[in-house]
Amino acid sequence: MKRGRQVGSSGIDLPDDQHIREVEEEGYKYLGILQLDKTLNTKMKGKITSEYVRRVKKLCRSKLNGGNMISGINTWAVSVVRYSAGIVDWTVEELVSMDRRTRKIMAMNGCMHTRSNVARLYLPRKEGGRGLISIEECVNKESKSLHGYLRETTEWMLQAALKEKVLDEEETFQDYQKRRQEEKIRNWKEKHLHGEFVRQTAYVAGEDSWRWLRNGFLKKETEGLILAAQEQALRTNSIKHSIDKTSVTPLCILCGDSTETVRHIISGCKKLAQGEYRKRHDKVALRVHWEICRKYRIECTDKWYDHQPLAVAENRDARITWDKTVYTDKRLNHNRPDITLLRRDTQEWTLIDIAVPADQSIINTEEEKMAKYQELAFEIKRIHRASKVTVIPIVIGALGTTSKNAKTWHGKLALPDIVGSAQLSAILGTAHILRKVLCF
Ligand SMILES: [Zn+2]
């Protein structure tokens, strides 16, 4: 180096007969970071950013499902930047803009709605988020954890590095993590429109409500659509009218009677009740029926969606009916549960009825169903000498909310992961309805 500039040389001979070659023009790499007489920050930043963006694009254009796409970004793309944390001097703006670009790429590829909540994207899936790692947060965390390491070390050289303020952090890793988490939850749940759904369902929602997100099986586009529907980010007539202030009527395009909100489209429109809602309901019921047939070893297809339920399916162990009236001496108003199951060995009856209502009213629907079939249960016990009759309502919110009681009800059926599969069927039905009505 001469006056801070690199000059040409043929390399340097060392006393032990080794030869150091001339450093290439763009510097040499030390632990993967380009250096010359100092770390080449600008050059490294450019390289890292473009590699990160390249990887994010590749993943967003892939056919991966929602869960795998996000974990792909987290492991394969974010790691490119993570490695440079605490070494390359990133500014906040540079990091924030990388996050912005990620969201833009996601939106352009249909993985995220442009008006969807940003904070929620970065919350863990088990808490209702999508579990993406934010670049800003990742670099800050790495830097704080390196600083924490320096503070604890007993090595004199590292202690000297701490004194030199190579890294300077005031907040500890744990405090930072906690603070960011709380901020994100606030930025989502306290927002007027974005948070309304979670606020309204908080009292009825059970722990399995986010199971579909945790599993991440949905296509990334469908995942984005359902989250946007929960956040009222979709442009329904009601939103166009009151938020976008366009001259459009706020009324439903199909029935023209009620305000066209997401809730109305997915669970309240009388024009959809017999067709689309019925189809969605039947898909959930079909899944449950198939699972029960399998449990009692009644012949059925390998794949649930090929399943063709018989009105009466039976073998030595059990008898299962599908959408069939149970005749009793007394005329009853409600005598046709979706599915009935009779176990021959114990003479136990189970009456199963399925519904996919608005998420806010799942507990009410459950109670209604329980009340509706009490009389039938009583009659069956009397006429058929059943040892026990259990009524099980399988109620899933149209946007996937499962009730607090779901575990108890479904536990009685003792079917493996019936909650998750019923939830998935309900959500897919809803996504179909939303696409149809809002013309995606
Ligand atoms: Zn309508």
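Let me start with Glu 348, which lies in strand β8, residues 348–355, in what is, I should say at once, a predicted model. At 24% relative accessibility this residue counts as partly exposed, because the buried class ends at 20% and the exposed class begins over 50%. Leaving aside residues up to four places away in sequence, Glu 348 touches Leu 341, Leu 342 and Arg 343, and also Ser 387 and Lys 388. Thr 408, by contrast, is 60 residues from Glu 348 in sequence, and the two C-alpha atoms are 18 Å apart in space.

Now to Gln 423, whose place is in helix α17, residues 418–438. Is this residue buried or exposed? Its relative accessible area is 0%, so Gln 423 is buried. A polar atom of the Gln 423 side chain lies 2.6 Å from the backbone oxygen of Gly 400. Gly 400 is also one of the residues that Gln 423 touches, and the list, again not counting residues up to four places away, includes Ile 396 and Thr 402 as well as the run Asp 208, Ser 209, Trp 210, Arg 211 and Trp 212.

Helix α10, residues 220–230, is mostly covered, with 10 of its 11 residues buried. Among the buried ones are Lys 220, Glu 223 and Gln 230, alongside Leu 225, Ile 226 and Leu 227. Just after α10, Gln 232 takes a positive phi of about 55°.

That brings me to the zinc ion. Which residues supply its protein donors? They are Cys 252, Cys 255 and Cys 269, each through SG, and His 264 through NE2, at 2.1 to 2.3 Å from the ion. Along the chain these donors follow the spacing C-x2-C-x8-H-x4-C. Cys 252 sits in the loop between α11 (237–242) and α12 (262–268), while Cys 269 sits in the loop between α12 and α13, so the pair ties together parts that are 17 residues apart in sequence. Both Cys 252 and Cys 269 are buried. As for geometry, the 4 donor atoms subtend angles of 103 to 115° around the zinc ion, and the arrangement is therefore tetrahedral.

Finally, helix α13 covers residues 270–295, and its 26 residues reach 36 Å from the first C-alpha to the last, close to the 38 Å expected at 1.5 Å a residue. Where does α13 bend? The bend is at Glu 276, and it amounts to about 40°. Just after α13, Arg 297 takes a positive phi of about 55°.

Notes: Residues numbered from 1 in each chain as written. Predicted model: local features only at pLDDT ≥ 70, side-chain atom pairs only at ≥ 80, totals over all residues. Heavy atoms only, no water. Helix = DSSP H or I, 4+ residues; strand = E, 2+ residues; numbered from the N terminus. Expected span 1.5 Å × (residues − 1). Bend = angle between axes of the 7 residues up to and from the residue. Donors = N, O, S within 2.8 Å, 3.2 Å for Na, K, Ca; no water. Tetrahedral: all angles 85-135°; square planar, octahedral: opposite > 155°, others 65-115°. Buried < 20%, exposed > 50% of the residue type's maximum accessible area, 1.4 Å probe, protein only. Polar contact = N/O pair within 3.5 Å; in protein donor to acceptor, adjacent residues only side chain to side chain. Contact = heavy atoms within 4.5 Å.
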